[in-house]
Structures are given as structure tokens and as C-alpha cells.
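Here is a short note for a colleague opening this entry for the first time. Please look over the sequence and the model, then read the points in order.

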Amino acid sequence: MKKIEEIKNICTLGTGTMGFGIALVFAAAGYPVRMFGRSEASIQRGLQNIKEALETFRENGLVDAEDIPRILERVKGVTILEEAVKDVDFVIEAIAENLAVKQQVFAQIEQLCSPETILATNTSGLSPTSIAGALAYKERFIAAHFWNPAQLIPLVEVVPSKYTSQPVVDATWQLMEKIGKKPVALNREALGFIGNRLQLALLREALYIVESGIASKEAVDTTVKYSLGRRLATTGPLESADLGGLDIFYNISTYLIQDLCHNPGVSPLLKEAMEKGKLGAKTGSGLYDWTPESLIQIKKTRENNLMEWLHKDKA
């Protein structure tokens, strides 16, 4: 199986929201990247998004103008799968979040590349074990879950299937670290991995607070942004508990845990929004109403904050 020093060429599958960002991260770290897309139009959209992201990096002092052409030269758009995966050392897929589609694509890829090539999926929710089920060389398959936006969020969750060999876990972890990411390796596969389990636990309680009339949605979001959000960027929940005193958290747990949301099903508030077709920003309304102007503003604010953290990470 490929070791970290043997990984020289990268293939990314997909040119959408995650695909272009992952390709950019590898290219910015010096790797030649073949970015596979289903059509020339999708390739051009992906390349345009990479150019725009690099320009934003330049405006924020995170990349020098003279480096941009060199980074762009490392990304080659490809519409033929055989050409995309030939002689590459690491393949990462960021296509539709559909189990059958991913299984089919990886079954094709396995016939086209070396048995030593590491195959990775960027899935955020599907089982790596299930995706790898039809492969002949299951031990070289792994999940490497980048968080959106891939070029701005440092975390990558490295998740083995029940078949994945330890050398593949190690090489993938080392590769993520080499491209400037903050990798975490799970000991075993679990639904939602780490990040989405924590995110959904927080969301479940946030929705419950609104549903039960404890506070408004605005109050919930403000509370997280100006307390937990600030603190958790420096100390995670377990570190925060240690710093606050485990005796304090134990005492709070004895009465508060019983009062937290224990509903096993989907939140009624979330279900109602889905039934009304209110899917969030992409439909103009969800838990909040979104205008084009408000959406641009919040995305820009988020981008600026993430850029500030990238500066701090480099310091």
C-alpha cells in the first residue's frame, strides 16, 4: 500500500462545492491534481471556483499573487475516468451522497488503477464499510471527510471501514497533515463520525428550546455565537469540562441531563419546515427568512471569520 512519501499524484472526483475545494487544497500544497468532472462545463465551473477562491485568499494575504498561476497549473480538468485515475496514488471522491452511485464509481475505479492506490470518500454520512463492500481490495478504502468549505475549514475526519488496514489510516492521516489540515482519526466507524454527531446533538437541543417556548431562535443562535462558539474554538467540550471542574459538570449533570431533549425522532419544527418546502437559504426560507442580500452578508461574514482563523493557524 502507498506510504506517505510515495503519494505524489492526486485525483479528485467531483467539481461541486466540496470537489473544487479539495482539489484546491491539494494543489496549494504542491500536488499535481486531476479533477474529474462529468462534462467540460462542470470542469470549467470547478476551475472558476478555484480561481475565485484563490483571489479571495490573495485579498486576505493568505496567498501571494505570483503563486496563483503555479497553483492553477497543478489542476488538470479531466472528463474521462480512466485518464483521471491512471497512475495516481490517492483518489478522493466528492460526488453525489448516494450509496449506489459511490459503490458503482469505486467499482469502476478499482479496475482502472493500481491495487496500491488509496481510495477515499468524502462522505459525511454514508458507511465506509458499505461503500467498500463490493471492492476486491477493501483494505485500501477509507473515508477522508473534509468539512465545508473545504478550503477554509481545517478539520478532516479520517474514518476507517471495518476492512481498512492501519497503514492506509496512517498514510491518509499523514497526507491530510501534510496539506495543512487538522486530521482526526476515528478508532472505528460510527454514524455521523464525530463532527456531525456533535452538531446534531447541539441542533436537537437548540430546536427543542425553541419548540418548548424556552427562548426564541434568535436568542439560541446569539447564545451559541457569543459564548460556546467563542470558547469552543480554543477549548473543546472535554477540555472545557476539565477547565471548569469535573465536579461542577458532574453536579449539573445530575439534574440537567434529565431535562434535556430525549426525543428519539426528528424535531417537529424541522419536520414542519420540510413539509412546507422551507429548506433554508437555498429556498429563501427555513427557520429564518433569507433575502439575496442577507445571504450574501452572512456568507461574507462567515468567510471573513474563517479567514481570520486561517491567519491565526499560520501564526
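Leaving aside neighbours within four places in sequence, which residues is Thr117 in contact with? Point 4 has the reply.

1. Ground rules. This is a predicted model, where local features need pLDDT of at least 70, side-chain atom pairs count only at pLDDT 80 or more, and totals for chains, interfaces and linings use all residues. Residues are numbered from 1 along each chain as its sequence is written, and side-chain values use heavy atoms, with hydrogens and water left out.

2. Overall build. The protein chain has 13 helices and eight strands. These are DSSP runs numbered from the N terminus: helices are H or I with at least four residues, strands E with at least two. The C-alpha trace spans about 60 × 45 × 45 Å along its principal axes. The radius of gyration of the protein chain is 21 Å, which agrees with the value near 20 Å for a compact globule of 315 residues. That radius is taken over C-alpha atoms, and the globule rule is 2.2 Å times the number of residues to the power 0.38.

3. Burial and contacts. Of the 315 residues, 38% are buried. Buried means under 20% relative accessible area, exposed over 50%, and partly exposed in between (1.4 Å probe, protein chains only). Contact means heavy atoms within 4.5 Å. Take the contacts between residues at least 6 apart in sequence: 68% of them join residues at least 24 apart.

4. Thr117. This residue sits in the loop between helix H5 (99–112) and strand E5 (118–121). Its relative accessible area is 0%, so Thr117 is buried. Beyond its neighbours within four places in sequence, Thr117 is in contact with Lys2, Val88, Asp89, Phe90, Val91 and Arg140.

5. Arg45. Here is a contrast in exposure. Arg45 belongs to helix H2 (residues 40–59). With a relative accessible area of 54%, Arg45 is exposed. Its C-alpha atom is 8.1 Å from that of Gly16, and the two are 29 residues apart along the chain.

6. Cysteines. How many disulfides does the structure hold? Zero. A disulfide here is a pair of cysteine sulfur atoms within 2.5 Å. For Cys113, the closest cysteine sulfur is in Cys11, 9.0 Å away, so it is too far for a bond. Cys113 counts as buried because its relative accessibility is 11%. Cys261 is buried too, with a relative accessible area of 8%.
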